[in-house]
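Welcome, and thanks for opening the viewer. Keep your selection tool ready, and we will go from stop to stop together.

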Amino acid sequence: MSISVTVEPTLEPIDILDVKRHLRITNNDSNMLLETYLKAARMHAEEFTGRAFVQRTYEQKFDAFSDEMWLRRPPLQSVSSVKYIDTSGVEQTLSSDNYDVDTASIPGRINLAYNKNWPTIRDQVNAVTVTFIAGYQGSGSPQDLRANIPHNAILAMLLLIGHFYENRETTIFTTGGFLALQEIPMGYDSLLWPLRVFDA
């Protein structure tokens, strides 16, 4: 089973002005750098939790149909298509009448519809391809999107951005040698752990 992004997100969950307020920055000199930190922090938080904090289109492949086909990177918004390789080696699109989409579960899933059967497919790797849209919804602005994302995720991203901004190297030296760093209590990991999605 593999998953890949086919349409990248078009916005970030935090406005650059909010990042600058968090860091107490009043000029625009570091805007491009902060945008890089923001994207990196969002991607890191998504990898840590297994969620998609910004909507995008995914393509997930399976070797075969099954009773429950779990779609990674919740929250699932919709399924665009289910395609499969038939026994002749030709790609076919499965009618949506044949399956139900569960967007309430975390992660979302596809189930075989009542009184339906999965088609016979070719016995090969990645014979089934599901295209779907996942991520928290927003009307086109970071502020609107941010209102729908768990607040602990937003705070964790801001903390990580602050870390990137203040510590721009992989190691820190002092006159006495290495500086021992300590994690802030109730910091990044503590904020994101409750949001982690584990394999179904």
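Start by selecting D18: leaving aside neighbours within four places in sequence, D18 is in contact with R146 and L158. Keep in mind along the way that this is a predicted model. D18 itself sits in helix α1. Now show the side chain of R21 as well: the side chains of D18 and R21 make a polar contact at 2.6 Å.

**Helix α4**

From L158, widen the selection to helix α4, residues 151-166. Which residues of α4 are buried? Colour A153, I154, A156, M157, L158, L160, I161, G162 and Y165, and you have the buried set. What do these buried residues pack against? Their partners are four helices that you can show one by one: α1 (16-23), α2 (31-49), α3 (142-146) and α5 (188-192).

While α4 is selected, try the distance tool on its end C-alpha atoms. They are 23 Å apart, and at 1.5 Å a residue the 16 residues of α4 should span 22 Å, so the two values agree.

**Aromatic pairs**

Next, show the aromatic side chains. How many aromatic pairs does a search of the whole structure find? The search finds seven, and we will visit two of them.

For one, select F48 and Y188. Their rings form an edge-to-face pair, 6.0 Å centre to centre, with 65° between the planes. F48 belongs to helix α2 and Y188 to helix α5, so this pair ties together parts that are 140 residues apart in sequence. Both F48 and Y188 are buried. Add W193 to the selection, and you have one aromatic cluster made of F48, Y188 and W193.

For the other, move to F65 and W118. This pair is stacked, with 4.5 Å from centre to centre and 5° between the planes. Here too distant parts of the chain are linked: F65 lies in the loop between β2 (56-62) and β3, W118 lies in the loop between β7 and β8, and the two are 53 residues apart. F65 is buried, as is W118.

**The three-stranded sheet**

Follow the chain from F65 into β3, and switch to a cartoon view. In what order do the three strands of this open sheet stand? The order is β3-β7-β6, with antiparallel pairing. Look at the edges, where β3 (68-71) and β6 (99-102) each have a single partner strand, so one side of each is left without a neighbour in the sheet. From one strand to the next, the twist averages 20°.

Zoom in on β3 and β7 (residues 108-112), which pair in the antiparallel sense over four bridges. To see one of the bridge pairs, select E68 and its partner in β7, N111. If you show side chains here, it helps to recall that in a regular strand they alternate between the two faces of the sheet.

**Loops with unusual backbone**

Now select the loop between β3 and β4, which holds both R73 and P75. R73 has a positive phi of about 65° although it is not a glycine. Is R73 buried or exposed? Its relative accessible area is 16%, and R73 counts as buried. A little further along, the peptide bond from P74 to P75 is cis, with omega near 5°.

For another cis peptide bond, go to I106 and P107, where omega is about 0°. P107 lies in the loop between β6 and β7.

Then jump to N126, in the loop between β7 and β8. Phi of N126 is near 55°, a positive value in a residue other than glycine. With a relative accessible area of 27%, N126 is partly exposed.

**Strand β4 and its partners**

For the last stop, select β4, residues 76-85. Seven bridges join β4 to strand β8 (residues 128-134), and the two run antiparallel. K83 and T129 make one of these bridge pairs, with T129 on the β8 side.

β4 is also joined to strand β5 (residues 91-93), by three bridges in an antiparallel arrangement. Select I85 to find its bridge partner in β5, E91. Finish at the turn: β4 and β5 form a hairpin with five residues between them, and G89 in that turn has a positive phi of about 85°.

Definitions and conventions
Residues are numbered from 1 along each chain as its sequence is written. This is a predicted model: local features need pLDDT of at least 70, side-chain atom pairs count only at pLDDT 80 or more; totals for chains, interfaces and linings use all residues. Side-chain values use heavy atoms; hydrogens and water are left out. Two strands pair if DSSP finds at least two bridges between them. Axes are lines fitted to C-alpha atoms, for helices over the stretch in contact, and angles run from 0 to 180 degrees between N-to-C directions. The expected span of a helix is 1.5 Å times one less than its number of residues. Buried means under 20% relative accessible area, exposed over 50%, partly exposed in between (1.4 Å probe, protein chains only). Contact means heavy atoms within 4.5 Å. A polar contact is a pair of N or O atoms within 3.5 Å; within protein, one must be able to donate a hydrogen and the other to accept it, and residues adjacent in sequence count only if both atoms are side-chain atoms. Rings of Phe, Tyr and Trp (its six-membered ring) pair if their centres lie within 6.5 Å; planes under 30 degrees apart count as stacked, over 60 as edge-to-face and the rest as tilted.
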